[in-house]
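Here is a short briefing for a first look. Keep the sequence and the structure side by side as you read.

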Amino acid sequence: MNHSIKTIGVVGAGTMGQGIVQVLAQNGYQVLVFDALEGAVDKAVKNIDKFLSKSVEKGKLDAAAKAETMKRIKPCGSLGDFKTADLAIEAATEKPDIKEKIFRDLDATLAPGKILASNTSSISINQLAAATKRPEKFIGMHFFNPVPLMSLVEVVTGDQTDQATIDAIVELTKAVGKEPLCCKDSPGFISNRVGMPMINEAVYCLHEGLATREAIDGIMKMGFNHPMGPLALADLIGVDVCLFIMQVLHRDLKSDKYRPCPLLEQMVQEGHLGKKVGKGFYQYT
Ligand SMILES: NC(=O)c1ccc[n+]([C@@H]2O[C@H](COP(=O)([O-])OP(=O)(O)OC[C@H]3O[C@@H](n4cnc5c(N)ncnc54)[C@H](O)[C@@H]3O)[C@@H](O)[C@H]2O)c1
């Protein structure tokens, strides 16, 4: 347990927010959770309850530990309820204006010196930090999906993030059983700067008719020992999310080597967004 951080506010109770809430609560932290969409927090709490009940059924968790975890989660009606938080982690919709507004509100609510973190996958940490009056206490905590199962947290430091903030977030990440790996703020950080062009290149191979989707995925799985192929991974991440991140890399790194494949653009226009809609590079029933 991290000693300076006891109560953590999580903003956004979608796919990532609910995973983050669960992991923090399971590791002894008091968690405040707020979502702007009515019913989203209740749905997240139900999903966490269901996930933990399955762990109890499988004998991986005892019923008392599950009950304690659920008791640590406190739904909140507004960000004003985050006054007691030692840290706030934002996991809201990937739009700069939404996040900047959230951070202005959090900056006005949390006590001076408390840490603000964003789970953004592609928005600049320096840009978000600039919405606050405490850029030295601002940091990226990039969790991976599904949060309870993925061990990495990419810790992204802004130009002004101070060492005490980095140390506290590294310590917290380890305390919740995850592996913190640090990098400096830059477009796509490390994970998406390296991973997304690989997916984009696989889409180009398919677009150019060089191989079937199964062959492309199979070559990367067997040849590079990846657990899943890049096209199946694009379906899991969301084809629209992949396109958005490629557009960010293309725009911000100003190089045509990041140009999104036309097939990626076409698939998004046609609504073939991947697993979440039942159709992407593969069909899901
Ligand atoms: N899904 C992934 O695989 C993944 C992985 C790593 C990081 N991320 C990042 O995590 C963040 C959340 O992604 P997600 O996949 O959970 O999205 P999601 O759409 O599942 O959830 C986003 C939630 O934010 C809420 N929200 C929107 N505006 C809000 C506001 N003003 N205040 C409070 N809540 C608000 C929405 O109601 C929604 O419930 C994004 O920044 C995304 O880039 C996503």
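The points below cover one helix and the surroundings of the ligand.

This is a predicted model: local features need pLDDT of at least 70, side-chain atom pairs count only at pLDDT 80 or more, and totals for chains, interfaces and linings use all residues. Residues are numbered from 1 along each chain as its sequence is written.

**Helix α8**

- Helices (H or I, at least four residues) and strands (E, at least two) are DSSP runs, numbered from the N terminus.
- Helix α8 has 12 residues, 213-224, and should span 16 Å at 1.5 Å a residue (1.5 Å times one less than the number of residues). Its end C-alpha atoms are 16 Å apart, which agrees.
- Ile216, Asp217 and Met220 are the buried residues of α8 (20 or more other C-beta atoms within 10 Å of a residue's own, with C-beta atoms placed from the backbone).
- They lie on the same side of α8, because they cover an arc of only 95 degrees around the axis (taken from the directions from the helix axis to the C-beta atoms).
- Met222 and Gly223, on the other side of α8, are exposed (12 or fewer such atoms).
- The buried residues pack against α7 (191-207) and α9 (230-237) (contact means C-beta atoms, placed from the backbone, within 7 Å).
- Asn225, just after α8, takes a positive phi of about 60 degrees.

**Around the ligand**

- The ligand has 26 residues around it (C-beta atom, placed from the backbone, within 6 Å). Gly12, Gly14, Met16, Leu37 and Asn145 come nearest.
- α1 (15-26), α4 (96-109) and β6 (138-143) each supply at least two residues of this shell. α1 gives the most, with three residues.

Methods
Contact = placed C-beta atoms within 7 Å.
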